[in-house]
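Reader: Please discuss the following model in questions and answers, beginning with its chains and ending with individual residues.

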Amino acid sequence: MALNFATFYDKHIDAVYRFVYFRVGQKREVAEDLTSDIFTSAFEAFDRFDPERGEKAWIMTIARNKVINHWRDRKDSVDIDDVAFTLVGEEGMETAERREDTATLKEAMDKLKPPERNLIEKKYLLGYRYEEIATSLGKKAGAARVETHRAMKKLKEYLKGKL
Amino acid sequence: MIWLRLKLRKLKSESKPDQTFTIALKRELLSKQGQAPVYRTTVIFRYAFAPIALALILGVGTTSYAYASPSVCNGNILYPLKSGVEQVERTVFYASPQAQVKYQVKTLERRADEVNYAIDHGAPAIIILRKVPEEFTITKQQIAGYRKAKQEEVEQESKERQEMEDRAENVLMNFRHKVERAPIREDEREQVLFLIDQRLGQIER
């Protein structure tokens, strides 16, 4: 096994967790269960993993499928790209001000079109590099950057005077 | 745009997985694989060197007895010797702020061993009994100070980096918008936009 699973795990655990977290209503317990499931599947298939496919693309495909299955099991038909940020979280550990700030940001994110929201999510929440975003979109890095920048401008407009 | 990125960063940090969860999951998965933790050679040397050097400093006999024995506690004739060795150990081997905190936790454990020993062997004086809670307070303060310093360091570094990146990016992005509307030939516009997009790719992060 050329690539060490421990290294692979350390590199992707945060992004995978966040990806799931924003798609299950920000419920930590559900996100942890699904993340465990995702990495267990990845662990079992790790010997067959072809590094040329790209680590992030591979683990995110597994994550995506697990989230889709999660909603399917609940008999909820949702578009996985639409579900992000639309469900209000239930964690109650923040102060009222922080919660309000975050809620406003999430609401504004929700107003964006799913592809725009995905760009911002990938870049600023999941830690993708523009090159990786571009690969996932089949575009050039420059184009991904420009589109992300435009989406950010739009988000900024939505938030004007609110934060 | 900086404030927006900071808000997103806050959201990112709020959605970070719990460390207990990530560590437990990793341990569970690796135990299936039977993968033992990997220690780097440099780490082994560092940890091997410390006890050797310490042994040389301590020598044998009284000094090492005073240092190692929990029976030597505050009030004992050898206690100043023990404190002196600990001071040397702290200064020589635990110089960094992080190591200082580690040493403080170790000190707390040593003081607790001494007091437990004293309780097991008679009724210790209040000055000895008070040692553990006092040392605990010092430990908590050191940990809090270290955490705060670290957070400030990270925040400052991240803020500066972000500002520099934003400045550089904004120059190019504004130029791009300008070119998009500039009264120039279409083929030239495409050429320049292509060059800009190439550069934007180069300042990838």
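**Chains, contact and core**

Reader: Among the contacts in chain A with a separation of 6 or more, what percentage is accounted for by residues 24 or more positions apart?

Author: This is a predicted model, in which local features need pLDDT (the predictor's confidence in each residue, from 0 to 100) of at least 70, side-chain atom pairs count only at pLDDT 80 or more, and totals for chains, interfaces and linings use all residues. Residues are numbered from 1 along each chain as its sequence is written, while chains are lettered from A and ligands numbered from 1 in the order in which they are written. Two residues are in contact if their C-beta atoms, placed from the backbone, lie within 7 Å. By that criterion, the share in chain A is 68%.

Reader: How many helices does chain A have, and how many does chain B have?

Author: Helices (H or I, at least four residues) and strands (E, at least two) are taken as DSSP runs, numbered from the N terminus. Each chain has zero strands. The helix count is eight for chain A and, for chain B, nine.

Reader: What percentage of the residues of chain A is buried, and what percentage of chain B?

Author: A residue is buried if 20 or more other C-beta atoms lie within 10 Å of its own, exposed if 12 or fewer, and partly exposed in between, with C-beta atoms placed from the backbone. Of the 163 residues in chain A, buried residues make up 34%. For the 205 residues of chain B, the figure is 8%.

Reader: Which helix supplies the largest share of the side of chain A that touches chain B?

Author: The contact takes 35 residues from chain A and 27 residues from chain B. On the chain A side, α1 (5–21), α2 (28–45), α5 (96–111), α6 (114–125), α7 (130–137) and α8 (141–159) each supply at least two residues. The largest share, ten residues, comes from α8(A).

Reader: How do the residues of that side of chain A divide into nonpolar, polar and charged?

Author: Ala, Val, Leu, Ile, Met, Phe, Trp, Tyr, Cys and Pro count as nonpolar, Asp, Glu, Lys and Arg as charged, and the others, Gly among them, as polar. On this basis, the side of chain A that touches chain B has 20 nonpolar residues, six polar and, as charged residues, nine.

Reader: Which element gives the most to the largest nonpolar core?

Author: A nonpolar core is a set of buried Ala, Val, Leu, Ile, Met, Phe, Trp, Tyr and Cys residues joined through C-beta atoms within 7 Å. The largest one has 39 residues, of which A:Val16, A:Phe19, A:Val20 and A:Ala63 touch the most other members. Two or more residues come from each of α1, α2, α3 (55–73), α5, α6, α7 and α8 of chain A, and also from α2 (19–33) of chain B. With nine residues, the element that gives the most is α1(A).

Reader: Why does this core lie between two domains of chain A, and which are they?

Author: Domain bounds come from an automatic or database domain assignment. The core lies between the two domains because both give residues to it, namely domain 1 (1–91) and domain 2 (95–163).

**Confidence**

Reader: In which helix of chain B is confidence lowest, and in which is it highest?

Author: The mean pLDDT of chain B is 81, with 84% of its residues at 70 or more. Over residues 36–43 of chain B, pLDDT stays under 50, and the model has one contact beyond four places in sequence for them. Confidence is lowest, at a mean of 58, in α3 (residues 41–58), and highest, at 88, in α6 (residues 97–120).

Reader: What are the ipTM and pTM of the model, and over which residues of chain A does pLDDT stay under 50?

Author: The model scores ipTM 0.75 and pTM 0.48. Chain A averages a pLDDT of 82, and 82% of the residues score at least 70. In chain A, pLDDT stays under 50 over residues 86–96.

**Individual residues**

Reader: What is the phi of A:Gln26, and is this residue buried or exposed?

Author: A:Gln26 is placed in the loop between α1 and α2 of chain A. Its phi is positive, about 55°, although the residue is not a glycine. Most residues other than glycine have a negative phi. Because 20 other C-beta atoms lie within 10 Å, A:Gln26 is buried.

Reader: Which residues does B:Asp166 touch, not counting those up to four places away in sequence?

Author: B:Asp166 is found in α8 (residues 131–181) of chain B, and it counts as partly exposed because it has 14 C-beta neighbours inside 10 Å. Its C-alpha atom is separated by 9.9 Å from that of B:Arg5, 161 residues apart along the chain. The residues touched by B:Asp166 are B:Met1 and B:Ile2.
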